Amino acid sequence: MGKLISILLFLVIVQGAKAQNADELYCKGIASLQSGNYDESINFLTSAIKYDPNNALLYLKRGEAYYKTGLFNDALTDFEETNMLDENTADLWISKTYAMLGDEQQSLIYLKKHLSLRYHLKEKTIKKDDAFNNLQYS
């Protein structure tokens with residue numbers, strides 16, 4: 001019985017350390033993202049994902065960093081992973097990414113999905129986003 005408790009205690013400590021490391025790396029990744037150090041942000045968030053691979057927010061933020069560096073295919077992969085982990089969370093980002101890739105049809109599909117959500121950005125705010133400049137007349 002004592003051995004089982006020791007093993008459980010060890011597992012709890014290891015999981016706590018993993019969560020702390022993922023949180024710390026996430027915070028560093030967000031700070032880098034906000035200061036415009038996108039490559040550094042990608043590195044921190046990639047490391048955090050290794051500790052917590054089921055955290056949709058990590059993929060969302062790394063996708064944002066990829067997007068801002070112009071790595072749209074990598075961004076799209078992360079945004080799709082975000083949606084697999086937390087449905088519809090990245091619909092607007094997916095729409096923006098498809099718009100930047102020149103795929104108007106897919107962009108509009110995801111934009112409609114985003115606008116159908118209870119909590120979505122207002123259309124006038126979306127229209128101001130440079131990613132949608134080419135879609136203004138679609």
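Which description fits helix 2 and helix 3: are they roughly parallel or roughly antiparallel to each other? The first legend gives the answer.

The model shown is predicted, so local features are restricted to pLDDT of at least 70 and side-chain atom pairs to pLDDT 80 or more, whereas totals for chains, interfaces and linings use all residues. Residues are numbered from 1 along each chain as its sequence is written, and side-chain values use heavy atoms, with hydrogens and water left out.

**View A. Helix 2 (38-51) against helix 3 (residues 56-69).**
The axes of these two helices come within 9 Å and cross at roughly 155 degrees, where axes are lines fitted to C-alpha atoms, for helices over the stretch in contact, and angles run from 0 to 180 degrees between N-to-C directions. Helix 2 and helix 3 are therefore roughly antiparallel to each other (angles over 145 degrees count as roughly antiparallel, under 35 as roughly parallel, 65 to 115 as roughly perpendicular and the rest as oblique). The crossing of helix 2 past helix 3 is left-handed, meaning that the near helix is turned anticlockwise from the far one by less than a right angle, clockwise being right-handed. On the helix 2 side the contact (heavy atoms within 4.5 Å) is made by Tyr38, Asp39, Ser41, Ile42, Leu45, Thr46, Ala48 and Ile49, which meet Leu58, Tyr59, Lys61, Arg62, Ala65, Tyr66, Lys68 and Thr69 of helix 3. By class, this contact of helix 2 with helix 3 comprises 9 nonpolar, 3 polar and 4 charged residues, with Ala, Val, Leu, Ile, Met, Phe, Trp, Tyr, Cys and Pro counted as nonpolar, Asp, Glu, Lys and Arg as charged, and the others, Gly among them, as polar.

**View B. The loop between helix 2 and helix 3, with Asn54.**
Asn54 lies in this loop and, at 61% relative accessibility, counts as exposed (exposed means over 50% relative accessible area, buried under 20% and partly exposed in between, with a 1.4 Å probe and protein chains only). The C-alpha atoms of Asn54 and Thr82 are separated by 9.0 Å, although these residues stand 28 residues apart along the chain.

**View C. Helix 3 beside helix 5 (residues 91-101).**
Here the two axes come within 11 Å and cross at roughly 20 degrees, and helix 3 and helix 5 are therefore roughly parallel to each other. Helix 3 passes helix 5 in a left-handed crossing. Leu60, Glu64 and Tyr67 of helix 3 meet Trp93, Lys96, Thr97 and Met100 of helix 5, and the residues of this contact divide into 4 nonpolar, 1 polar and 2 charged.

**View D. The aromatic cluster of Tyr67, Phe72, Phe79 and Trp93.**
The structure holds 4 aromatic pairs, a pair being rings of Phe, Tyr and Trp (its six-membered ring) with centres within 6.5 Å, and planes under 30 degrees apart counting as stacked, over 60 as edge-to-face and the rest as tilted. The rings of Tyr67 and Trp93 have centres 5.2 Å apart and planes at 75 degrees, so this pair is edge-to-face. Since Tyr67 belongs to helix 3 and Trp93 to helix 5, the pair ties together parts that are 26 residues apart in sequence. Both residues count as buried, Tyr67 at 12% relative accessibility and Trp93 at 18%. For Phe79 and Trp93 the ring centres are 5.3 Å apart and the planes lie at 25 degrees, so that pair is stacked. Phe79 lies in helix 4 (residues 72-85) and Trp93 in helix 5, so the stacked pair ties together parts that are 14 residues apart in sequence. Phe79 itself counts as buried, at 0% relative accessibility.

**View E. Helix 5 and its surroundings.**
Of the 11 residues of helix 5, 9 are buried, so this helix is largely enclosed by the rest of the structure. The buried residues are Asp91, Leu92, Trp93, Ile94, Ser95, Lys96, Thr97, Tyr98 and Ala99, and what covers them includes helix 3, helix 4, helix 6 (104-116) and helix 7 (123-127). Lys96 counts as buried at 10% relative accessibility; leaving aside neighbours within four places in sequence, Lys96 is in contact with Tyr67, Asp129, Ala131 and Phe132. Just after helix 5, Gly102 takes a positive phi of about 85 degrees.

**View F. The protein chain around these close-ups, with 7 helices and 0 strands.**
Helices (H or I, at least four residues) and strands (E, at least two) are DSSP runs numbered from the N terminus, and along the sequence the chain follows the pattern α-α-α-α-α-α-α. Buried residues make up 33% of the 138 residues in the chain. Among contacts between residues at least 6 apart in sequence, 44% join residues at least 24 apart.
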